[in-house]
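Here's a quick briefing to read with the model open beside you. We'll go from the cavities to a helix, then on to the symmetry and one serine.

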There are 2 protein chains.
Amino acid sequence: MEFIEGVKAKETIGIRSVMDGTHMGKTVSMTGAVHTIRDMGEVAFVILRKAEGLVQCVYEEGTTELDLKSLKEESAVEVTGVVEAEKRAPHGFEIRLRTIRVLSEPAEVLPIAVSKWKMNTSLETKLALRPVSLRNVRERAKFKLQEGIVRGFRDYLQSQGFTEIHTPKIVARGAEGGSNVFRLDYFGKKAELGQSPQFYKQTMVGVFDRVYEVAPVFRAEKHNTTRHLNEYMGLDFEMGYIDGFEDVMAMETGALQYIMRLLKEEYGKELELLDVTLPDVEKIPAVRFSKAKELVAEKYNRKIRNPYDLEPEEEALIGRYFKEEYGSDFVFVTHYPTKKRPFYAMDDPEDGKFTLSFDLLFKGLEVTTGGQRIHDYHEIVRKMESRGMDPADIESYLMIFKYGMPPHGGLGIGLERLTMRLLDESNVRETSLFPRDVTRLEP
Amino acid sequence: MEFIEGVKAKETIGIRSVMDGTHMGKTVSMTGAVHTIRDMGEVAFVILRKAEGLVQCVYEEGTTELDLKSLKEESAVEVTGVVEAEKRAPHGFEIRLRTIRVLSEPAEVLPIAVSKWKMNTSLETKLALRPVSLRNVRERAKFKLQEGIVRGFRDYLQSQGFTEIHTPKIVARGAEGGSNVFRLDYFGKKAELGQSPQFYKQTMVGVFDRVYEVAPVFRAEKHNTTRHLNEYMGLDFEMGYIDGFEDVMAMETGALQYIMRLLKEEYGKELELLDVTLPDVEKIPAVRFSKAKELVAEKYNRKIRNPYDLEPEEEALIGRYFKEEYGSDFVFVTHYPTKKRPFYAMDDPEDGKFTLSFDLLFKGLEVTTGGQRIHDYHEIVRKMESRGMDPADIESYLMIFKYGMPPHGGLGIGLERLTMRLLDESNVRETSLFPRDVTRLEP
């Protein structure tokens with residue numbers, strides 16, 4: 001009988017192994033994709049692309065056992081050669097090629113130059129060719145940083161006693177209501193795709209006190225803007241036994257501090273590649289919604305048209321104000337009007353026209369919505385009725401209040417928006433691997 | 001201006017803080033849900049439920065400033081009292097209550113006794129009341145262990161150079177084909193819910209060499225069995241530059257070894273609560289599909305009805321065989337018939353009727369499907385055409401082969417099934433927080 005015992009070391013090595021120095025002057029084997037070939041006559045540079053980065057391999061006629069003409073870009077290869085120090089090469093070394101074994105070959109030449117430092121291609125083209133345009137080293141670095149954000153979010157919350165949960169995305173009814181839901185037939189029943197894990201994460205506060213979920217959320221919004229996606233990744237958490245929604249903002253601030261530290265410590269290469277300056281998140285200003293509107297109206301000489309709404313331009317100006325006045329890329333805007341918040345938001349006991357809620361703006365763009373939720377059964381039923389909603393429609397959600405819930409609150413972060421702002425991208429599609437928008441369902 | 005600076009220590013403390021011993025004999029504050037009240041006359045036990053576990057609080061008439069009669073089970077409270085060592089209490093301590101502050105109260109009495117050790121309720125009832133039945137300490141422990149499985153999967157792959165990805169769940173076309181897809185209207189276009197991240201994870205191998213994703217997958221299967229869910233969590237990975245599909249099995253074995261170690265080290269309380277014995281995964285036997293059928297037919301005196309298919313009963317017997325003969329709860333069954341595998345599976349060059357693929361059985365149940373994939377453009381086009389499929393339908397997927405892909409393979413693990421087998425549950429619904437089946441769309 002054959003047995004599988006776990007991962008064995010391969011003969012081929014990675015970039016990090018070479019960089020420890022022990023392979024200098026020795027013959028090594030390495031796999032990778034042929035990122036580009038720069039033929040200089042008798043010598044040529046074959047650049048390998050690996051997950052860890054690029055590797056410069058030197059082809060010398062007569063020494064390397066392969067006809068360079070037959071080598072194609074984007075072939076998968078295994079090379080052998082001697083490692084030599086070379087300051088001008090990536091990671092400070094190069095491989096003097098002896099052999100190149102082709103593992104697999106492309107059928108056609110790439111339609112775009114993915115090996116260029118910056119691809120001079122429109123977003124449209126990049127997205128249409130996403131499966132290959134992501135092979136560009138700078139394009140893919142965005143998503144390595146995105147990985148770091150998600151890791152940081154999870155690791156921090158885990159350290160704070162949160163439990164990870166997985167809740168269904170096919171639901172009987174969306175948490176946010178309204179018309180922006182995708183509908184489907186579920187074995188003859190009407191179903192929707194979850195607009196947020198709101199009901200479920202609140203439910204799980206009754207079970208685990210503190211929970212988080214990283215999962216897709218679906219919004220059938222017809223806007224085709226630079227900041228909307230119809231499917232995006234939600235970083236959600238919900239926590240019980242809070243003293244107020246300030247506890248939720250404090251937890252998010254702690255998570256952001258942890259994320260920025262993790263990026264700095266473990267994602268330095270990607271930060272450098274993309275020339276990213278990490279924002280200072282040691283303290284984040286918090287300002288009331290109504291006060292923020294006033295500050296901006298005053299400083300930028302702008303009329304307040306609607307005291308109960310925030311236009312995208314106003315958000316941008318609030319971001320600018322707090323950057324100029326306090327040097328902060330982030331600002332919590334608190335106490336949003338009740339009308340603008342869902343029924344489960346807790347009203348401010350001091351003024352019922354506002355809620356104990358907040359948005360977090362990052363360089364003038366909303367990246368988080370959160371707040372304290374109603375925990376009392378009678379109160380949530382009253383609020384639903386005052387909005388003409390029928391409690392019977394969401395009986396299984398209301399069950400948690402009927403049988404007791406602690407004071408609690410939470411938030412949802414849009415991962416692609418957070419990444420977009422961190423990278424100073426101007427379109428959220430740049431930070432989604434395979435974006436879904438009104439016109440885009442493929443790739 | 002107010003600033004938010006991160007998480008501040010609260011005055012209330014957790015179980016772990018008490019257990020460090022420094023609070024013994026001192027007055028502490030603690031929050032929690034009133035799990036149950038056991039009134040013995042002058043003394044009563046008020047059991048608090050916290051995420052970390054249960055805490056025994058002692059109510060003494062005259063000492064505790066609260067009328068016990070007014071205290072309701074499932075209220076959220078903050079208690080203060082003196083910590084005393086008590087061997088018979090959970091975690092070896094109890095709190096002699098001074099005050100109980102009620103933070104929130106239920107509107108009604110629980111319809112099931114969640115504070116019982118084992119709830120004597122049918123699965124039907126438990127699922128209908130899921131939002132509250134999960135408050136049972138043993139019910140919730142299942143999902144804490146599930147968290148550990150997912151953490152272990154991610155942490156191990158991260159350590160092996162994998163990158164985490166997030167791919168869309170609304171897709172133009174499912175990877176597995178067939179009729180078991182949920183369909184929806186996407187702004188006037190026909191769309192489906194992803195049956196697997198297959199196409200996208202393969203695509204990302206061309207970018208990051210090794211990738212993984214933890215995300216929901218959707219299958220509109222009409223079976224109503226103990227092992228099917230219509231939405232479940234897929235633990236997927238895909239890796240490039242493999243020498244064969246044995247590399248994929250080795251990686252899964254490594255992941256399982258890591259997961260079991262993590263559960264043992266950090267989830268001991270839950271393992272004990274649920275009386276779980278961790279399986280030995282130091283080595284996992286691997287047997288060819290055709291050989292497995294023979295072994296089972298011979299040992300259990302069973303006729304081979306169809307040499308190209310494996311019935312659930314046969315899977316169960318294969319599991320039994322390897323338990324009896326080799327003491328293993330797991331077995332890799334390899335070289336599945338080509339007919340039973342999707343078009344992207346790589347055929348065995350030695351016999352095209354079989355593929356370089358495998359399933360992993362855990363106690364006789366398939367918990368993983370994986371294998372090597374075709375990486376050559378012409379080969380995958382040929383295979384599609386031989387099955388009457390039109391390559392034009394999935395052009396954006398075929399793009400990755402056209403422009404070059406390394407040899408690669410991967411797998412998908414069903415999280416709920418893996419958890420189910422680990423816990424020796426007889427129904428997969430037991431290990432899904434909010435299961436979706438043919439008749440169940442709520443809660």
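Keep in mind that this is a predicted model. It holds 10 cavities of 30 Å³ or more, and the largest has a volume of about 250 Å³. The two chains, A and B, are related as by a two-fold rotation axis.

**The largest cavity**

- What sits closest to the centre of the largest cavity? Of the 24 lining residues, the closest are A:Val171, A:Arg173, A:Phe199, A:Tyr200 and B:Pro443.
- The lining of the largest cavity divides into 13 nonpolar, 7 polar and 4 charged residues.
- Two elements give two or more residues to that lining: helix 5 (198-208) and helix 11 (395-402), both of chain A.
- Helix 5 of chain A gives the most, with 3 residues.

**Helix 11 of chain A**

- Is helix 11 of chain A largely enclosed or largely open? With 7 of its 8 residues buried, helix 11 is largely enclosed by the rest of the structure.
- If you want to find the buried residues on screen, look for A:Ser396, A:Tyr397, A:Leu398, A:Met399, A:Ile400, A:Phe401 and A:Lys402.
- Within chain A, these buried residues pack against helix 5, helix 10 (377-386) and strand 19 (408-414).
- They also pack against chain B, through helix 2 (123-128) and helix 3 (130-133).
- After helix 11 of chain A comes A:Gly404, which has a positive phi, near 105 degrees.

**How the two chains match up**

- A turn of 180 degrees, with a shift of 0.0 Å along the axis, lays chain A on chain B with an RMSD of 0.0 Å.
- The two copies are thus related as by a two-fold rotation axis.
- Both copies use the same surface: 100% of the contact residues of chain A recur in chain B.
- Which residue of chain A comes closest to the rotation axis? That's A:Leu184, with its C-alpha at 2.6 Å.

**A closer look at A:Ser357**

- You'll find A:Ser357 in strand 17 (residues 357-362) of chain A.
- A:Ser357 counts as buried because its relative accessibility is 2%, and the cut-off for buried is under 20%.
- A polar atom of the A:Ser357 side chain lies 3.5 Å from the backbone nitrogen of A:Tyr336.
- Leaving aside neighbours within four places in sequence, A:Ser357 is in contact with A:Phe245, A:Val333, A:Thr334, A:His335, A:Tyr336, A:Arg341, A:Gly370 and A:Gly371.

Technical notes
Residues are numbered from 1 along each chain as its sequence is written. Chains are lettered from A and ligands numbered from 1 in the order in which they are written. This is a predicted model: local features need pLDDT of at least 70, side-chain atom pairs count only at pLDDT 80 or more; totals for chains, interfaces and linings use all residues. Side-chain values use heavy atoms; hydrogens and water are left out. Helices (H or I, at least four residues) and strands (E, at least two) are DSSP runs, numbered from the N terminus. Buried means under 20% relative accessible area, exposed over 50%, partly exposed in between (1.4 Å probe, protein chains only). A polar contact is a pair of N or O atoms within 3.5 Å; within protein, one must be able to donate a hydrogen and the other to accept it, and residues adjacent in sequence count only if both atoms are side-chain atoms. Contact means heavy atoms within 4.5 Å. Copies are superposed by least squares on the C-alpha atoms of residues with pLDDT of at least 70 in both. On a 1 Å grid over the protein atoms alone, a cavity is a set of points where a 1.4 Å probe fits but cannot get out, and a pocket is an open set with protein on both sides within 12 Å along at least five of seven lines; lining residues have an atom within 4 Å of a point. Grid points are joined across faces, edges and corners, and a volume is the space filled by probe spheres set on the points. Ala, Val, Leu, Ile, Met, Phe, Trp, Tyr, Cys and Pro count as nonpolar, Asp, Glu, Lys and Arg as charged, and the others, Gly among them, as polar.
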